[in-house]
Amino acid sequence: MRPHCAPRGDAPVRWRRALAAACLALASTVSLALPTFDEVRADFRSSETLVLSREGEMLQRLRTDATVRRGQWLGLADVSPALRQALVLSEDRRFYEHSGVDWAAVSAAAWGNLWNQRTRGASTLTMQLAGLLDGPDADFLRQGPGGRSVPQKLGQAVAAQVLDRRWRKDQILEAYLNLVPFRGEIVGIDALARTLFGKAAHGLDEREAAVAAALVRAPNARPALVARRACGVLRDMRRAGHSGARGTDCDALDLFTTAALQRRAFDASEGIAPHFARQLLRQAGRTQERVSQDGASRDGTAAQRVRSTLSAPLQRMAVDTLTRHLRELRGRNVEDAALVVLDNATGEVLAWVGSSGPLSQAAEVDGVLALRQPGSTLKPFLYAQAIAERRLTAASLVHDSPAHIATAGGLYIPQNYDRQFKGWVSARTALAASLNVPAVRTLVMVTPDAFFEQLRRLGLPLTESGGYYGYSLALGSSEVPLLHLTNAYRALANGGRLSPVAYAPAQRPAFTPALDAGAAFIVGDILSDANARVRTFGTDSVLATRFWTAVKTGTSKDMRDNWAVGWSQRYTVGVWVGNASGAAMHDVSGTSGAAPIWAEVMGWLHRRTPSRAPRPPQGLVRQAVRFGPGDGGQPLEGARQEWFMGGTQQALFAIESEASGANETGATGTNDASPEAVAARILAPASGTVVALDPDIPPAHQRLQFTAGGVGRAAVRWRIDGRMAGSGAQWAWLPWPGRHRVELVDAQGKVLDQVQIEVRGAGVRARR
């Protein structure tokens, strides 16, 4: 069948031959340029990407093309019959009758132009589709800024006839509905229906269909003009019997159209993993990976999709759990939280909750990637380094007592969370109970610079230096993202081996050694020991799970950040609770903020899956140990089986008291000499002490130990700010914020010694 573009038979023969030859040449060119229906549908690109879970469920719809708003390709069966009928009546009444070009309409248009009469356009849906088709060889079909030229009109007429022969009518109408621009950036019926009407295209009623059909002819017209044309389309539909309603209320349609054209219901992002979806696509862009075309979906449409590592059931559970716990903490000035779950073996992200969504005033901030102070969650890496360097063992005795460490900026005086000192404790107890002073003493042994380099090897993106942070680095004064911190804990779960986090299904991870395997095992054994953490967290701590886990909590200065990070045999879970604004929380510690969320998520992960303790690596030795007596004559700690790096094991850990001080016997580490007996004076705290309350232990334990020397059996009292507060050579004071004058007085009220101290932080409420 040849295209009907030759002149009439009464034209000169030479004209007919020349035009026929040109027509055939044009038809041949058009045939080569026009794609097939399947090619057009396969090349269709949505302006959005669908992020799928590992199970194939849609997790997030995310707009990735800001230049256009284009939804998914819809099959003709997914478009409402009202819209199909409205479009045909408005644009091409004889669509199902002609062969691509409506010659009757062409003749009527030509006659009208001759007599300067306004007529309906002669361009058919098929001809318009030919102008919408993309392709490097189809430029001559597209309309330019000044309208279509005569050659372009002729080309579209020929192309329409070729399309009509190659494609079915339903394919032509389907492609047209998906490619036609409607208004502004909106292209295709899916984007139009969801943006202006807030529904799927199959649900459009006759009024909405009339407005959509009117927009085809005048995409950017004023609402009043669109409503007037929509009213005409609606009348045509009712006259043709496509609607059971009678009459047309154009005034009501005018109001409806104006409201619809102002609506933007199609959000740029929708789903349960917005922050993860953005990070996934950023990573794909960095590695120059192209978002994959998953092909036809269940309903025969095509869309841009990328499969991720996230588990849809776990993600939903994590979102619900985090939201529920935040609602419970609402009265404590807490509105933000974040959570991430990693697979230990592969590094795949299984859950990623970046914010609390509607509960937050900064829902777009991704708490998984935000830099926050980690508090005590860095201590496991510090003790692991000290154990690997054979400076400590898990049974080594370290002194939990007042420490005055000289630095370039003056004295650094660390304090424990509960303001109490435990005396000599093992490294196991010091880490599990999260004691601050032993951690700082351990950092003195390791040095801040060496610890800084260790943290960098574990993937923590610290930008300064060890000297910049100083000894406060032991207590988490740096800033790290939750994702990197959780992955560093995952390295502990993998015997000190680190690999990058995976966002999409990948091959085997590439592990690199970051920490000694034996030290990583010993630290994991300590963090899984419920008995070792009793001194701080009690016997019924939420951290104690019914299956094997190792976990550490942390709280930054002034309760601004709250953490719980830990691992099981298969998973590593990290939780942060706080405020994106940096505002302090009220009376929220690791065990009341992040830990309950961590425990619930970990319990859900292991509801049917067991978790067993890891096997010790080669080079470790397990030996029975016992401890010497303390001041009261009782053993410092109970006898137990302990793990050692080969060559560091021993059976007895004890303290020998000497006149000149106290020395640790049979243990590795640093020793602090006990103060000698002198004239009556205040031994602790030292004058000028600044106590920064570290809320990582229940507030009931917020006490500062006062110690007097040289008093013998004399009765002494403690006077604070001029008021008697306690008595005895040793006394534990519950501090309150402010600057205080502490005086040691005898029974007659004579001042024997005095010091000035300052208490900072929100861990203790001021006394009324």
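**Figure 1. Helix α8 and the glycine that follows.** Just after α8, Gly-198 adopts a positive phi of about 65 degrees. The model shown here and in the other views is predicted. Helix α8 spans residues 189-196 and is mostly covered. Seven of its eight residues are buried. They are Ile-189, Asp-190, Ala-191, Leu-192, Ala-193, Thr-195 and Leu-196.

**Figure 2. Helix α5, residues 125-132.** Six of the eight residues of α5 are buried, so the helix is largely enclosed by the rest of the structure. The buried positions are Leu-125, Thr-126, Met-127, Leu-129, Ala-130 and Gly-131.

**Figure 3. Ser-53 in the loop between β1 and β2.** Strand β1 covers residues 48-52, and β2 covers 58-63. Ser-53 has 0% relative accessibility, so it counts as buried. The cut-off for that class is under 20%. The side chain of Ser-53 makes a polar contact of 2.8 Å with the side chain of Glu-55. Which residues touch Ser-53 once neighbours within four places in sequence are set aside? They are Leu-59, Arg-307, Ser-308, Leu-310 and Ala-312.

**Figure 4. Two non-glycine residues with positive phi.** Most residues other than glycine have a negative phi. Asn-333 is not a glycine, yet its phi is positive, at about 60 degrees. Asn-333 sits in the loop between α13 (312-328) and β9 (336-343). With 33% relative accessibility, Asn-333 counts as partly exposed. Thr-447 is not a glycine either, and its positive phi is about 85 degrees. Thr-447 lies in the loop between α16 (436-446) and α17 (448-457). The relative accessible area of Thr-447 is 34%, and this residue is partly exposed.

**Figure 5. Strand β12, covered on both faces.** Strand β12 runs from residue 397 to 400. Leu-397 and His-399 are on one side of β12. Val-398 and Asp-400 are on the other. All of these residues are buried. How many bridges join β12 to β15? There are four, and the two strands run antiparallel. Strand β15 comprises residues 423-426. Its Gly-423 is the bridge partner of Asp-400.

**Figure 6. The open sheet β26-β28-β31.** Three strands make up this sheet, with antiparallel pairing. Strands β26 (681-684) and β31 (730-733) stand at the edges. Each has a single partner strand, so one side of each is left without a neighbour in the sheet. From one strand to the next, the twist averages 30 degrees. Three bridges connect β26 with β28, residues 704-709. Arg-681 has Gly-709 in β28 as its bridge partner.

**Figure 7. A cis peptide bond at Ala-684 and Pro-685.** Most peptide bonds are trans. The bond that joins Ala-684 and Pro-685 is cis, with omega at about 0 degrees. Pro-685 belongs to the loop between β26 and β27 (689-692).

**Figure 8. A tilted aromatic pair, Trp-352 and Tyr-503.** The count of aromatic pairs comes to 19. In the pair of Trp-352 and Tyr-503, the ring centres are 6.0 Å apart and the planes meet at 50 degrees. Which parts of the chain does this pair link? Trp-352 is in strand β10 (residues 349-353), and Tyr-503 is in the loop between β17 (497-498) and β18 (512-513). The two residues are 151 residues apart. Both Trp-352 and Tyr-503 are buried.

**Figure 9. An aromatic cluster.** Phe-706, Trp-718, Trp-731, Trp-733 and Trp-736 form one cluster. Phe-706 falls within the range of β28, residues 704-709. Trp-731 and Trp-733 fall within that of β31, residues 730-733.

**Figure 10. Arginines over aromatic rings.** The charged end of Arg-497 sits over the ring of Phe-511. Its distance from the ring centre is 4.2 Å. Arg-607 lies over the face of Trp-604. Here the distance to the ring centre is 3.7 Å.

**Figure 11. Ala-530 and Ala-544.** Ala-530 is located in the loop between α20 (517-527) and α21 (534-537). At 35% relative accessibility, Ala-530 counts as partly exposed. Its C-alpha atom is separated by 6.3 Å from that of Ala-544. Along the chain, Ala-530 and Ala-544 are 14 residues apart.

Notes
Residues are numbered from 1 along each chain as its sequence is written. This is a predicted model: local features need pLDDT of at least 70, side-chain atom pairs count only at pLDDT 80 or more; totals for chains, interfaces and linings use all residues. Side-chain values use heavy atoms; hydrogens and water are left out. Buried means under 20% relative accessible area, exposed over 50%, partly exposed in between (1.4 Å probe, protein chains only). A polar contact is a pair of N or O atoms within 3.5 Å; within protein, one must be able to donate a hydrogen and the other to accept it, and residues adjacent in sequence count only if both atoms are side-chain atoms. Contact means heavy atoms within 4.5 Å. Two strands pair if DSSP finds at least two bridges between them. Axes are lines fitted to C-alpha atoms, for helices over the stretch in contact, and angles run from 0 to 180 degrees between N-to-C directions. Rings of Phe, Tyr and Trp (its six-membered ring) pair if their centres lie within 6.5 Å; planes under 30 degrees apart count as stacked, over 60 as edge-to-face and the rest as tilted. A charge sits over a ring if NZ of Lys or CZ of Arg is within 6 Å of the ring centre and within 35 degrees of the ring normal.
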